[in-house]
Amino acid sequence: MSSILEMRHLRLVRAIADEGGVTRAAARLHLTQSAVSHQLTELEGRLGVLLFTRVRRQLKLTPAGGHLLEAARTMLTDLARVERELQHAGTRKRETFRIVVECFTAYHWLPPILAALATEYPYVDVRIALGATREPVAALLRGELELAVVSSPVRDRALVVQKLFSDEWTIIVAPDHPLASRPYVSAVELGREKVLTHEAPRADVERFRELMANERASVPRSANVPLTEALVELVKAKQGVGLVSRWAVAPHLARGEVVARRFTRKGLPETWSAVYRHDAATRFPLAHFAELLRALRP
């Protein structure tokens with residue numbers, strides 16, 4: 001069954017309503033007066049209702065005509081917007097938007113953000129810059145990436161810092177590990193374990209060492225594991241305990257693959273922020289990216 005209404009009908013009704021008559025509407029639509037009159041008669045015949053009545057040599061909308069005009073304005077506006085977006089997307093040069101998370105290789109949060117960005121920014125390709133994991137701020141300043149998610153303090157005036165959410169460094173163990181039954185892991189208890197960790201920011205390393213020294217705890221044996229997924233697998237296999245950010249291993253905790261315990265009674269808090277250069281914000285949706293990530297806070 002063919003549709004009664006077509007886009008030309010919507011434009012016709014809008015033009016007659018805006019111009020108040022057939023003559024001026026015809027000029028606006030680049031049609032003859034008789035063609036406009038014929039199209040209006042045809043449309044009213046298809047619908048079975050009058051859309052306009054003549055009042056003092058002007059065409060006035062009937063209630064049915066007013067309802068159709070309201071819909072016509074909305075649909076034509078939406079159509080014009082979509083046309084502009086498609087034309088813009090077709091002519092705009094594709095841009096590569098490089099991101100990285102400091103220390104960790106955990107990107108479980110990225111797919112929903114990519115899905116949200118794809119609709120509004122189809123010209124942007126997001127790439128993970130793993131080579132900048134250890135020193136993301138320096139990489140930002142060198143122009144090697146566009147946005148970094150960091151827990152280190154950032155004070156460079158060339159960079160925008162948007163706070164995302166609070167987190168903490170936590171101890172992860174296998175579910176049947178003896179420490180899994182503890183409410184928290186003390187510095188002394190950790191000193192007896194082999195600790196698997198990433199190369200943490202200097203400030204966090206200093207806080208950790210100070211805490212161990214204050215508790216007079218032995219410095220634990222440690223091993224640097226650069227990949228977050230590999231670290232979790234080693235913890236599951238009881239090859240050590242992990243010292244990681246809770247957010248970085250959130251999916252594994254939710255599935256019960258490992259158990260997280262606070263490090264010391266007070267914990268070892270940290271704050272994640274999105275960092276990017278002021279000049280890059282004019283080319284990429286960096287602030288929008290940060291807002292989407294903040295909405296996914298653990």
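# Briefing on a predicted model: cores, strand pairing, salt bridges and local backbone features

Leu47 (L47) is placed in helix α3, which spans residues 33–47. The structure is a predicted model, and the values below are computed from it. The largest nonpolar core has 72 residues, and a second, separate core has 18 residues. By the salt-bridge rule applied here, the count comes to 19 salt bridges.

**Surface patch at the end of the N-terminal segment and α3**

- L47 joins I4, L5 and V49 in a nonpolar patch on the surface.
- Together, these four residues have about 250 Å² of accessible area.
- L47 counts as partly exposed because its relative accessibility is 31%, and patch membership requires over 30%.

**Salt bridges involving α3**

- R46, in helix α3, forms a salt bridge with E6, at 3.6 Å from N to O.
- This pair links distant parts of the chain, since E6 lies in the segment before α1 (7–19), 40 residues apart from R46.
- R46 also meets E42 in a salt bridge, with an N to O distance of 3.4 Å.
- E42 and R46 both belong to helix α3 and are four residues apart, about one turn of the helix.
- An α-helix has 3.6 residues a turn, so residues three or four places apart point the same way.
- The three residues are partly exposed, with relative accessible areas of 35% for R46, 32% for E6 and 27% for E42.
- E6, R8, E42 and R46 are linked in a network of salt bridges.

**A salt bridge between two loops**

- The side chains of D176 and K238 meet in a salt bridge of 2.8 Å, N to O.
- D176 lies in the loop between β6 and β7 (184–185), whereas K238 lies in the loop between α9 (228–236) and β10; the two are 62 residues apart, and the pair links distant parts of the chain.
- D176 counts as exposed at 53% relative accessibility, while K238 counts as partly exposed at 46%.

**Nonpolar cores**

- Within the 72-residue core, the residues with the most contacts are F97, F104, W109, L147, I172, F263 and F289.
- Strand β6 (residues 159–173) supplies the largest share of this core, with eight residues.
- The second, separate core of 18 residues includes V22, A25, L68 and L76.
- Leaving aside residues up to four places away in sequence, W109 touches I99, V101, W247, F289, L293 and L296.

**Packing of helix α11**

- Helix α11 (residues 286–295) has L286, F289, A290, L292, L293 and R294 as its buried residues.
- These buried residues pack against β3 (95–101), α5 (110–120), β5 (147–150), β6 and β12 (268–277).
- Two of them, F289 and L293, are among the residues that W109 touches.

**Parallel strand pairing around β8**

- Strand β8 (residues 194–197) pairs with strand β9 (residues 221–224) in the parallel sense over four bridges.
- In this pairing, K194 stands opposite R221 in β9.
- Strand β8 is also joined to strand β10 (residues 241–245) by three bridges, and these two strands run parallel.
- T197 has L243 in β10 as its bridge partner.

**Positive phi outside glycine**

- Most residues other than glycine have a negative phi.
- H30 has a positive phi, near 60°, and is placed in the loop between α2 (22–29) and α3.
- T264 likewise has a positive phi, of about 70°, and is found in the loop between β11 (259–263) and β12.
- H30 is exposed, with a relative accessible area of 72%, whereas T264 counts as buried at 12% relative accessibility.

**Helix α4 and the loop before it**

- T62 lies in the loop between β2 (58–61) and α4 (63–91).
- T62 is buried because its relative accessible area is 12%, and the limit for burial is under 20%.
- Not counting residues up to four places away in sequence, T62 touches L50, L51, F52 and T53.
- L79 has its place in helix α4 and counts as partly exposed at 29% relative accessibility.
- With the same sequence exclusion of up to four places, L79 touches M7 and R11.
- The C-alpha atoms of L79 and G240 are separated by 59 Å, and the two residues are 161 residues apart along the chain.

How values were computed. Residues numbered from 1 in each chain as written. Predicted model: local features only at pLDDT ≥ 70, side-chain atom pairs only at ≥ 80, totals over all residues. Heavy atoms only, no water. Patch = residues over 30% accessible without salt bridge, like charges linked within 9 Å, V, L, I, M, F, W, Y side chains within 5 Å. Areas by Shrake-Rupley, 256 points an atom, 1.4 Å probe, with all protein chains shown as cover. Buried < 20%, exposed > 50% of the residue type's maximum accessible area, 1.4 Å probe, protein only. Core = buried A, V, L, I, M, F, W, Y, C linked by side-chain atoms within 4.5 Å. Contact = heavy atoms within 4.5 Å. Pairing = 2+ DSSP bridges.
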